[in-house]
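Trainee: I'd like a close look at the ligand site here, and then a connected walk from there through the rest of the fold. Keep it informal, but give me the cut-offs.

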Amino acid sequence: MEKQRVLSARGLIKQFQMGEVNVKALDGVDFDIYEGEFIVILGPSGSGKSTLLNMIGGMDSLDGGTLYFKEKPVHTLDKAGMAQYRRDVVGFVFQFYNLIPSLNAFENVALAAQISKRGLDVAETLQRVGLSERMDHFPSQLSGGQQQRVAMARAIAKNPDILLCDEPTGALDSESSDSVMQLLKNINQTYGKTVIVITHDREIAQIADRVFHINDGRLTHIEPSS
Ligand code: ADP
Ligand code: MG
């Protein structure tokens, strides 16, 4: 059976006006991503990685180009449509976890599960990321690696189609970094979720099905070529 295309982008443009200077953060980006793929996007700082992930995640509007999720246009969605897309389709994992400090691990994950119309069981999801024993701990009582695993549980608990990770190991030591990446690969394989990780760490690219390289807002090449 042919793999289903989950994302299709053509000519994505995003520009920022900084005083007199116009920065083209995305300068004509094309790609197709298929169901269940593990994609790593590699590029130096300032190359447009976060901008690209934010566009895929419906966090901001494009200045040009077309983006389709399963043949449905994302680039023409209005505010309410974008909110629904963010709620149901994508799960986000950020470099600095972004957990709510006054909520414990369980409550942080439950909050996300509740806003989704097909949210998963919270305790089970925390067990999946190896944190059954830490459910009542607050973010300040957890290590960086553990906090990132709570953040991953939060993203999965929404049961999204696509998991988007912006430098998920950027703040971690190499051991925690390895366990977070292994967990991402595991989520990709056991839940069949499409995972997109952006990073400037070449080592992480080894576990990807395909690696995209971005420079100055352009995808320079995609490997292995399909
Ligand atoms: P990366 O994540 O690869 O480090 P970004 O996508 O954050 O890169 O940024 C790409 C370019 O767009 C940079 O030149 C950055 O300064 C600029 N940029 C990103 N977001 C904004 C913004 N909100 N306002 C102005 N410029 C921005
Ligand atoms: Mg970035």
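Mentor: Here is the site, followed by the aromatic pairs and then a helix with its lead-in loop.

Some bookkeeping comes before the chemistry. This is a predicted model, where local features need pLDDT of at least 70, side-chain atom pairs count only at pLDDT 80 or more, and totals for chains, interfaces and linings use all residues. Residues are numbered from 1 along each chain as its sequence is written, chains are lettered from A and ligands numbered from 1 in the order in which they are written, and side-chain values use heavy atoms, with hydrogens and water left out.

Now the site. Ligand 1 sits in a shell made up of Phe16, Met18, Val23, Ala25, Pro44, Ser45, Gly46, Ser47, Gly48, Lys49, Ser50 and Thr51, where a shell residue has a heavy atom within 4 Å of the ligand. Sorted by class, that shell holds five nonpolar, six polar and one charged residues; the scheme takes Ala, Val, Leu, Ile, Met, Phe, Trp, Tyr, Cys and Pro as nonpolar, Asp, Glu, Lys and Arg as charged, and the others, Gly among them, as polar.

Ligand oxygens turn up in several polar contacts (pairs of N or O atoms within 3.5 Å; inside the protein, one must be able to donate a hydrogen and the other to accept it, and sequence-adjacent residues count only if both atoms are side-chain atoms). One backbone partner is Ser47, with a polar atom 3.2 Å from a ligand 1 oxygen. Gly48 also uses a polar backbone atom, at 3.1 Å from an oxygen of the ligand. With Thr51 the side chain takes part: a polar atom there lies 2.6 Å from an oxygen of ligand 1. Taken alone, ligand 1 exposes 560 Å², and the protein buries 62% of that; areas are Shrake-Rupley values with a 1.4 Å probe, and for residues only the protein chains shown count as cover.

Which elements give two or more residues to the shell around ligand 1? They are strand S1 (5-18), strand S2 (21-34) and helix H1 (49-56), with helices (H or I, at least four residues) and strands (E, at least two) being DSSP runs numbered from the N terminus. H1 gives the most, three residues.

S2 leads us on to the aromatic pairs. The whole structure has three of them: rings of Phe, Tyr and Trp (its six-membered ring) with centres within 6.5 Å, called stacked if the planes are under 30 degrees apart, edge-to-face if over 60 and tilted for the rest. Phe31 and Phe212 make a tilted one, 5.9 Å centre to centre with 45° between the planes. Phe31 belongs to S2 and Phe212 to strand S9 (residues 210-215), so the pair ties together parts 181 residues apart in sequence. Both Phe31 and Phe212 are buried (under 20% relative accessible area; exposed is over 50%, partly exposed in between, with a 1.4 Å probe and protein chains only).

Another pair, Phe69 with Tyr85, is edge-to-face at 6.1 Å centre to centre and 70° between the planes. Phe69 is in strand S4 (residues 64-69) and Tyr85 in helix H2 (residues 79-88), so this pair ties together parts 16 residues apart in sequence. Phe69 is buried at 5% relative accessible area, and Tyr85 counts as buried at 6%. Beyond residues up to four places away in sequence, Phe69 touches Val6, Leu7, Val74, Tyr85, Val89, Asp161 and Ile162, a contact being heavy atoms within 4.5 Å. Phe69 and Ala9 are 60 residues apart in sequence, yet 9.0 Å apart in space, C-alpha to C-alpha.

Glu71, in the loop between S4 and strand S5 (72-73), has a positive phi, near 70°, in a residue other than glycine. Tyr97 has a phi near 65°, and is found in the loop between strand S6 (90-93) and H3. Tyr97 is buried too, at 11% relative accessible area.

Asn104 lies in that S6-H3 loop and is buried, at 12%. A side-chain oxygen of Asn104 reaches to within 3.1 Å of the backbone nitrogen of Phe106 at the start of H3. The backbone nitrogen of Glu107 lies 2.8 Å from a polar side-chain atom of Asn104. Leaving aside neighbours within four places, Asn104 is in contact with Met135, Asp136, His137 and Phe138.

Finally, helix H3 (residues 105-115) has Ala105, Asn108, Val109, Ala110, Ala112 and Ala113 as its buried residues. Their cover includes helix H4 (122-128) and helix H5 (144-157).
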